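Reader: Hello! I am new to this structure and would love a close look at one part of it. Could you pick a helix and walk me through its surroundings?

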Amino acid sequence: MWDCGSHGPGSNPGGGIFGEEMNGKNSLPSYIKKRVRSVLYKLKKERMPDYITIAMSGGKDSLAAAYFLKDFEGVFGYTLEAFFIDLGIEGFSSESKEVVKEATEKLGIKLHIIKPEKSLPQIIEENWEKIKMGQIKICATCGLIKRYIMNKFCWENYGEKGVIATGHNLDDELAFMVSNIYGQNVGYGFKGSVALGNSKEKLCSKIKPLAKVREAKLEAFKDVLLKKGFRTTTKECLLKDGNTQTKHKAFIHAIEEISKKFKTNNFATATLHYIEKAHKNKEKDVSWRKTCKICHYPTSSKDGICSYCKLMRR
Ligand SMILES: [Zn+2]
């Protein structure tokens with residue numbers, strides 16, 4: 001079950017992070033570790049994979065996820081590997097790649113660097129008219145490319161023996177839900193912390209080890225990682241203009257402030273329970289999923305050609 005507490009901005013998420021509790025049972029690392037462990041147990045109930053491959057971006061969340069997954073490698077008996085998707089964004093991708101290289105070396109994780117057949121700037125150039133008209137959104141396109149490559153990489157390298165891990169945190173999940181609510185897609189795309197794949201469809205399972213951890217806690221944990229000598233990307237993506245996730249997160253924090261006044265200081269947990277229930281039956285129905293005529297990976301596209309193949313003009 002979800003147990004996420006509620007911490008808006010201004011709360012003290014780290015608790016004893018700078019004090020003597022740092023290494024104690026109630027420390028911030030222990031808090032996060034406990035939640036990562038619960039996701040791994042949930043995965044183990046289904047089937048523990050031989051490989052977990054973490055998608056690293058250079059940011060604090062995927063670094064924290066890699067850090068804790070490495071810690072549990074021996075306990076759960078999987079091999080942890082990492083991959084970085086180089087989208088060729090000038091002044092951003094190369095720095096992020098270096099940060100990820102350093103982190104994986106320090107953690108002793110094998111790193112795979114993947115380049116899509118076209119860089120994101122090239123795709124933007126080719127689709128500039130549609131972007132101007134608002135028919136294609138850059139951040140959504142970037143997300144689509146990453147999701148496609150993640151699954152393809154995992155499937156081709158590990159097959160049924162592999163699981164993809166991402167650094168999504170609880171605030172990411174909540175922001176995603178907000179956008180689904182007004183898009184009238186309640187439950188759609190929301191898989192919780194463990195989403196099972198399907199080998200017949202070349203679909204790898206996915207886990208979000210940090211899906212029960214608030215962003216504020218991870219922001220505080222970043223300081224712990226920096227003290228240990230890790231780095232995170234300092235630059236922001238130059239193409240992120242128009243990304244609505246930040247606005248959704250601000251909206252969630254505002255709602256949390258209001259709900260505190262009504263002594264229902266549990267907005268995040270309550271929302272997740274609600275959506276999980278709403279999603280339960282939808283998850284079983286995958287009749288909408290087809291196989292792409294070109295690449296043979298799953299697609300929801302009615303014409304049977306996946307969005308990735310269309311973007312790449314295959
Ligand atoms: Zn395709």
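Author: Happy to help; what follows is a walk around helix 2 and the strands beside it.

Please keep in mind that this is a predicted model. To set the scene, the protein chain has 11 helices and 8 strands, and of its 314 residues, 32% count as buried.

Let's start with how helix 2 is placed. Helix 2 covers residues 60-76 and joins with strand 1 and strand 2 in a right-handed β-α-β unit. The two strands of that unit, strand 1 (residues 51-55) and strand 2, pair in the parallel sense over 5 bridges. One pairing to look for is Ile-54, whose bridge partner in strand 2 is Ala-82.

Now for the helix itself. With 17 residues at 1.5 Å a residue, helix 2 should span 24 Å, and its end C-alpha atoms are indeed 24 Å apart, so the two values agree. Along the way, helix 2 bends by about 30 degrees at Lys-70. Just after the helix comes Gly-77, which takes a positive phi of about 80 degrees.

Which residues of helix 2 are buried? They run from Lys-60, Asp-61, Ser-62 and Leu-63 through Ala-64, Ala-65 and Ala-66 to Tyr-67, Phe-68 and Leu-69. These buried residues pack against several elements, among them helix 1 (28-46), strand 1, strand 2 and helix 3. Strand 4 (162-165) and helix 8 (215-227) are also packing partners of theirs.

That brings us to the largest nonpolar core, which has 60 residues. Those with the most contacts inside this core include Ala-64, Ala-65, Ala-66 and Leu-69, along with Ile-54 and Ala-165. Helix 2 gives the most to the core, with 7 residues.

Ile-54 is a good place to see helix and strands come together. Leaving aside its neighbours within four places in sequence, Ile-54 is in contact with Ser-62, Ala-65, Ala-66 and Leu-69, and also with Leu-80, Ala-82 and Ala-165.

Finally, follow the chain into strand 2. Strand 2 (residues 79-85) is mostly covered, with 5 of its 7 residues buried. Strand 2 also pairs with strand 3 (residues 110-114), in the parallel sense and over 5 bridges; there, the bridge partner of Glu-81 is Lys-110. With helix 3 (residues 93-107) between them in the list, strand 2 and strand 3 make a right-handed β-α-β unit.

Note on methods. Residues numbered from 1 in each chain as written. Predicted model: local features only at pLDDT ≥ 70, side-chain atom pairs only at ≥ 80, totals over all residues. Buried ≥ 20, exposed ≤ 12 C-beta atoms within 10 Å, placed from the backbone. Helix = DSSP H or I, 4+ residues; strand = E, 2+ residues; numbered from the N terminus. Pairing = 2+ DSSP bridges. Right-handed = clockwise from strand over helix to strand, strands pointing away. Expected span 1.5 Å × (residues − 1). Bend = angle between axes of the 7 residues up to and from the residue. Contact = placed C-beta atoms within 7 Å. Core = buried A, V, L, I, M, F, W, Y, C linked by C-beta atoms within 7 Å.
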